[in-house]
Amino acid sequence: MAQATDAGPSILVVEDDPQMASLLRRGLTAEGYDVAVAADGLQGLVIAGRTRPAVAVLDVMLPGMSGFELCRRLRELIPGLMVIMLTARDEVGDRVRGLDVGADDYLVKPFAFSELAARLRALRRRDAQQNPSVLTVGDIVLDTIQHRVTIGGVIVHLSPKEYQLLALLAAQPGETIARGVIMTEIWGTTTHADVNIVDQYVSYLRRKLDSVPSATKVITERGIGFRLAVAP
């Protein structure tokens, strides 16, 4: 989990519009956050390495390094980081790309600051849930601190969303989790994404898990959802 300072949860804002950056700083400070602001991706990476923020709010259109690339690199730097991306373009492709590189949520400009604050609170509630440091289902072991997955001792490399999907299933082994629940827990919303994206990521996850021999499988319950279980 990302760290926070005594002044409140640490948040990094990367926004190249000075007026927007100033508004976000004032509003988030009033919400109780310890706010750091960067004007571009490289500066954002430097600040993140020093402050280890709990949350990042990233503009998509940044000079030098896109918000998508910055999100990917920040998630590698701080695995537990929560990310909300901001964009002036209401394009489904942009939203899907942002979610794919590890963003937790997406807001289209212009937006009400109260909505951003509410979404941040929702992310923090999800992050605050107590999870064990290790989840084990059959021969699959998830290290929830390092976000590392092994099968019979062999490391399996997953994307952030694939890992979140496996962790959600592993937290309730043998229980079927509905597609809508998966959508809400991992993507945070069903407003801008097709629920079929769940099936797509289950397919990605299965392909990687099947690369290592294992009796533990992701099982489809037709018309309902998915469960992780050890084959008899």
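Let me start with tyrosine 204, which at 27% relative accessibility counts as partly exposed, in what I should say at once is a predicted model. Its partner in what follows is tyrosine 201, which counts as buried at 5% relative accessibility. By the rule used here there is one aromatic pair in the count, and since the ring centres of tyrosine 201 and tyrosine 204 lie 5.1 Å apart with their planes at 75°, the pair is edge-to-face. Both tyrosines belong to helix H8, residues 196-209, where being three residues apart separates them by about one helical turn.

Staying with helix H8, I turn to charged side chains. Aspartate 199 forms a salt bridge with arginine 179, with the closest N and O atoms 2.9 Å apart. Because aspartate 199 lies in helix H8 and arginine 179 in helix H7, residues 179-187, this pair ties together parts that are 20 residues apart in sequence. Aspartate 199 is partly exposed at 27% relative accessibility, whereas arginine 179, at 19%, counts as buried.

How many salt bridges does the structure hold? There are eleven, and another of them joins the side chains of glutamate 69 and arginine 72, at 2.5 Å from N to O. These two residues both lie in helix H3, residues 67-77, three residues apart, or about one turn of the helix. Glutamate 69 is partly exposed, with a relative accessible area of 28%, and arginine 72 is likewise partly exposed, at 33%.

Let me move on to the strands. Strand E11, residues 216-221, and strand E12, residues 225-230, pair in the antiparallel sense over six bridges, and they form a hairpin with three residues between them, where glycine 223 in the turn has a positive phi of about 80°. Within this pairing, isoleucine 219 stands opposite arginine 227 in E12, while the side chain of arginine 227 meets that of glutamate 221 in a salt bridge, at 2.7 Å from N to O. Arginine 227 is partly exposed at 21% relative accessibility, and glutamate 221 is partly exposed at 24%. Elsewhere, salt bridges that share partners join Glu15, Asp59 and Lys109 into one network.

I close with aspartate 104, in the loop between helix H4, residues 92-100, and strand E5, residues 105-108. Which side chain of opposite charge is nearest to aspartate 104? It is arginine 75, 4.0 Å away, and aspartate 104, although buried, has no salt bridge. A polar atom of the aspartate 104 side chain does, however, lie 2.7 Å from the backbone nitrogen of valine 83.

Definitions and conventions
Residues are numbered from 1 along each chain as its sequence is written. This is a predicted model: local features need pLDDT of at least 70, side-chain atom pairs count only at pLDDT 80 or more; totals for chains, interfaces and linings use all residues. Side-chain values use heavy atoms; hydrogens and water are left out. Two strands pair if DSSP finds at least two bridges between them. Helices (H or I, at least four residues) and strands (E, at least two) are DSSP runs, numbered from the N terminus. Buried means under 20% relative accessible area, exposed over 50%, partly exposed in between (1.4 Å probe, protein chains only). Lys and Arg count as positive and Asp and Glu as negative; His and the chain ends are not counted. A polar contact is a pair of N or O atoms within 3.5 Å; within protein, one must be able to donate a hydrogen and the other to accept it, and residues adjacent in sequence count only if both atoms are side-chain atoms. Rings of Phe, Tyr and Trp (its six-membered ring) pair if their centres lie within 6.5 Å; planes under 30 degrees apart count as stacked, over 60 as edge-to-face and the rest as tilted.
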